[in-house]
Every structure is written in C-alpha cells, then in structure tokens.
Amino acid sequence: MRYVMLGPPGAGKGTQAVRISNRLGIPHISTGDLLRLADVATPAGAAARTLMEAGHLVSDEIVVDLLFERIRRSDARKGFILDGFPRNVIQAEILDEWLAGQDEGLDAVLEIYAPVAVLLDRVLSRSAQAVSAGSAPRADDNETTLRQRLESYRMETLPLSDYYHRKGVLMSFDGTCNIDALATAIGEQIPAVGR
Ligand code: AMP
C-alpha cells in the first residue's frame, strides 16, 4: 500500500492523506511536516527554513535524506501515504528507484486539483483561523509566499501529472467539493482506499 498525494497548496491533500492513513493503518508522511520539525540550529535546517518561508522548494538532497530516514522505519514497512513528496521529476525518479530496489511500486498517485482562487481563499482562511484560535499561523500561509508556492508548483511539480499518467498510476480528483464528497469520490475510484 504505497500512495502519493499530488496537488497544489490548499487542494486538501493533507486532509485526505490523514483519512486514508487512518483507514489503511499506514503512516501519513508529509515532507513539509518533517521540514518544519528540522532543527534550525543546523546549517541544513536553517537553509530549509529560509527557502520554505520564501515559498521556494528546499534542495532535493535535504528532502530526500529526511524522507528516506522516515520511510525506512518499521511502521512504514507495510506501506505509506506521501504528502508533498515528490515535488519534481528528480525526486520522483529517486523514489521510483528506491521502490524498485524493494521490489515495490506505487499503487496510485492521487492528484487533487482546484482553481487558484479557491486555493488562495482556503490557505488564507486557514491562516486567519489559526490567528483567531490564538495559535501562530504557518509562516508561509500569507498571500505573497502562497503565490510563490503556487508558481513553484506550476513550474516544478505539475510535470509530475504527466510523469505518473505515463506510468498508468495517476488518478485525478476535483478538489473544489467538500472534504466528505472528495473522500467519497476517492473511495469510488480506488476501492482499496475505502470511503
Ligand atoms: P507543505 O507542508 O507540503 O506545503 O510544504 C511546505 C514547504 O516545505 C514547501 O513550500 C517547500 O518549501 C518545502 N517542501 C516540502 N516538501 C518538499 C519537497 N518534496 N521538496 C522540496 N521542498 C519541499
């Protein structure tokens, strides 16, 4: 059970990934979360934080190290759902190579798409909700950084739709509906993931 969630910021991939992770009993692995936990006192951690706060992608070397350290752990032996990785073709090739070395492959890549206006609205309201709940919003959930994250997505991550389509594992979903409707659509298309 090896899945990848693909989609721009605000598409809802994290929410769906958590549901699928709970349903299948496999870990939800978000490279964004791993990077946010990285120690900023180290040169790699500090470099990553600067790039994240500007809305740019972190170097493949840093992200790949963090990801493989995580997916080699015993709880991921049965499978995992990746959220935010891969983010470019080089990362996708590195993942494929690693999976091939394990005699494994991806069961499906779940792509969630939505128009930019919807993504902006969702991310900015997520930030406003965090503030009104008294917690700190994500440093990259502001309009300027979000526009850069969307541009990084368009330039570097979007080619992965084609990459995975050619491999026959891509399933695409309209992310403009509500969370439950999207979960239902995913379950209908990929019965193994359930509803
Ligand atoms: P996310 O939590 O997935 O929105 O990721 C937040 C930020 O972490 C991104 O805007 C990037 O700066 C960085 N990031 C997360 N995953 C990756 C990745 N696979 N490759 C490069 N940068 C990443």
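In which helix does Gly 14 lie? In this predicted model, Gly 14 belongs to helix α1, which spans residues 13-24. Its relative accessible area is 26%, so Gly 14 counts as partly exposed, the limits being under 20% for buried and over 50% for exposed. Beyond its neighbours within four places in sequence, Gly 14 makes contact with His 28 and Asp 83. Pro 159 stands 145 residues from Gly 14 along the chain, and the C-alpha atoms of the two are separated by 20 Å.

Helix α3 (residues 43-53) offers a good view of how a helix can have two faces. Its buried residues are Gly 45, Ala 48 and Met 52. Because these residues cover an arc of only 65° around the axis, they sit on the same side of α3. This fits the general geometry: an α-helix has 3.6 residues a turn, so residues three or four places apart point the same way. The buried residues of α3 pack against α2 (31-37) and α7 (143-157), while the face turned away from the buried side carries the exposed residues Pro 43 and Thr 50. After α3 comes Gly 55, with a positive phi near 85°.

Turning to the ligand, 16 residues surround it, and those that come nearest are Thr 31, Arg 36, His 56, Gly 84 and Gln 91. An N or O atom in the side chain of Arg 36 is 2.8 Å from an oxygen atom of the ligand, and a polar side-chain atom of Arg 138 lies 3.0 Å from a ligand oxygen atom. For Gln 91, a side-chain N or O atom is 3.0 Å from a nitrogen atom of the ligand. On its own the ligand has 480 Å² of accessible area, of which the protein covers 95%.

How values were computed: Residues numbered from 1 in each chain as written. Predicted model: local features only at pLDDT ≥ 70, side-chain atom pairs only at ≥ 80, totals over all residues. Heavy atoms only, no water. Helix = DSSP H or I, 4+ residues; strand = E, 2+ residues; numbered from the N terminus. Buried < 20%, exposed > 50% of the residue type's maximum accessible area, 1.4 Å probe, protein only. Contact = heavy atoms within 4.5 Å. Arc of directions from axis to C-beta. Near = heavy atom within 4 Å. Polar contact = N/O pair within 3.5 Å; in protein donor to acceptor, adjacent residues only side chain to side chain. Areas by Shrake-Rupley, 256 points an atom, 1.4 Å probe, with all protein chains shown as cover.
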